[in-house]
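Colleague: Could you take me through this model?
Modeller: Gladly; here it is.

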Amino acid sequence: MNWILYLKTTETCNLNCKHCFTNGTNGPKIYWNKTAVIDWLKKFSEYISPNDTVHCEFHGGEPFLVESSEMRDVWFYTKNYLPNCTWGATTNLVFRMYERHFGLIEDSFGKRIATSWDPKIRFANNKQYELWHSNVKELLKRGNTVKLNISVTRDTINIKPIVLLRWIRRLGVQEVSFERLTGNGSALKHPDIFPTNKEQDAWFLKLHQESEKYGARDWFHNEFLENVYTKFDTGFTGAGTFCRDCEEKIFTLNADGSIAGCPNSAPEEQFGHINMTIPDLINNPIRLENMACEKSRNPNCYSCEVFSHCGGDCHQLRWEDYICGAPKSLMKSLMTKKVWMIKEINGTVNKPC
Ligand SMILES: C[S@@+](CC[C@H](N)C(=O)[O-])C[C@H]1O[C@@H](n2cnc3c(N)ncnc32)[C@H](O)[C@@H]1O
Ligand code: SF4
Ligand code: SF4
């Protein structure tokens, strides 16, 4: 099993993004107990198979609201019993960075960090944006790999894809991920930020077309597009949020010690606690029910022409009547292209019947 553990240092934040599934500044002012997290990771390491892989991601709210030394301690004490574990953090980078922050990223995260940017709904003022921007630039200058998460909001899709792609290139980050919105936390209070599934689908197709046209595939790793391309290039359908096994492989440790699966619904839906035994957690009936729900697809998927490539997509994404939240038009166009290529290879194109 490839485990992913989201370790939330806090439930609250210094920003108040409109889409935030942890409710931004309104998230409870709760901070983790790092010793309890270290103990839990030890318990977990004793239970899993030596062949399993583990990735730990510090999360929040804003993970850097706690002292960076606390995250360093969790990494330092855990690496003895999870030696092959990889570590990372997703942060808003809206805080003054000191050597201790750069040191943590260098020593513990392998010089790699994820940060987020969204048009209009994220930064309250230009000062916040400038602070974020200068931190990104400094991280890049020091040779770190920066992954940028961008949520696919109405404001995002109002930007022409090529304009956004060029801006990301100018920023200089090496990786970008486009994340579709789930209806949790603050997002529920702001329905206006959601594009319709049809609009989102059209934007993804355009993103692909403009990326191809301008050669943007060479500018940085576009995780969303690459995950879709992989379906057609290698036949692997479960990359990224298409996996349909998040509820099985993910544990989110909330800052209050409660445990959930998917991080997006973790503030609302918990099934366990840090004090439980690992077998009790793994076999918890609510977790097993979540896993079963995730495995079952919307019935419309079974008659969909791209089902064999899509696989039914993320179960957290809402449907609008019979329209899913997947990049269906993009997958259809890639499927048409693939069929043509196969025909060409087999010499069946333009062959008289
Ligand atoms: C909850 S934040 C925590 C880390 C940090 N505060 C940050 O903003 O990067 C983690 C990621 O979730 C994204 N996110 C927040 N609410 C979301 C939602 N309702 N749907 C999809 N992604 C969301 C954020 O944009 C961010 O990239
Ligand atoms: S998305 Fe991140 S930065 Fe924005 S309010 Fe939520 S936790 Fe804070
Ligand atoms: S494209 Fe939509 S309808 Fe088709 S399989 Fe994927 S999620 Fe289901």
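The questions below go through cores, a helix pair and some loop residues.

Modeller: This is a predicted model, where local features need pLDDT of at least 70, side-chain atom pairs count only at pLDDT 80 or more, and totals for chains, interfaces and linings use all residues. Residues are numbered from 1 along each chain as its sequence is written, while chains are lettered from A and ligands numbered from 1 in the order in which they are written.

Colleague: Which helix gives the largest share of the largest nonpolar core?
Modeller: A nonpolar core is a set of buried Ala, Val, Leu, Ile, Met, Phe, Trp, Tyr and Cys residues joined through C-beta atoms within 7 Å. Buried means 20 or more other C-beta atoms within 10 Å, exposed 12 or fewer, partly exposed in between, with C-beta atoms placed from the backbone. The largest core has 38 residues, and Leu5, Val37 and Leu253 are among those with the most contacts inside it. Its largest share, 4 residues, comes from helix H1 (residues 34–47).

Colleague: Is H1 roughly parallel or roughly antiparallel to H2?
Modeller: Helices (H or I, at least four residues) and strands (E, at least two) are DSSP runs, numbered from the N terminus. Axes are lines fitted to C-alpha atoms, for helices over the stretch in contact, and angles run from 0 to 180 degrees between N-to-C directions. H1 packs on helix H2 (residues 68–78) at about 25 degrees, with the axes 10 Å apart. Angles under 35 degrees count as roughly parallel, over 145 as roughly antiparallel, 65 to 115 as roughly perpendicular and the rest as oblique, so H1 and H2 are roughly parallel.

Colleague: Which residues of H2 does H1 meet?
Modeller: Two residues are in contact if their C-beta atoms, placed from the backbone, lie within 7 Å. On the H1 side stand Lys34, Val37, Ile38 and Leu41. In H2 they meet Glu70, Asp73, Val74, Tyr77 and Thr78.

Colleague: Is Gly325 buried or exposed?
Modeller: Gly325 sits in the loop between helix H12 (307–310) and helix H13 (328–346). Beyond four places in sequence, its contacts include Arg180, Asn197 and Asp313. With 22 other C-beta atoms within 10 Å, Gly325 is buried.

Colleague: What is omega of the cis peptide bond of Gly60 and Gly61?
Modeller: Gly61 lies in the loop between strand E2 (53–59) and H2. The cis bond joins Gly60 to Gly61, with omega about 15 degrees.

Colleague: Is Lys120 buried or partly exposed?
Modeller: Lys120 is in the loop between strand E4 (112–116) and helix H4 (126–141). Its phi is near 70 degrees, a positive value in a residue other than glycine. With 13 other C-beta atoms within 10 Å, Lys120 is partly exposed.
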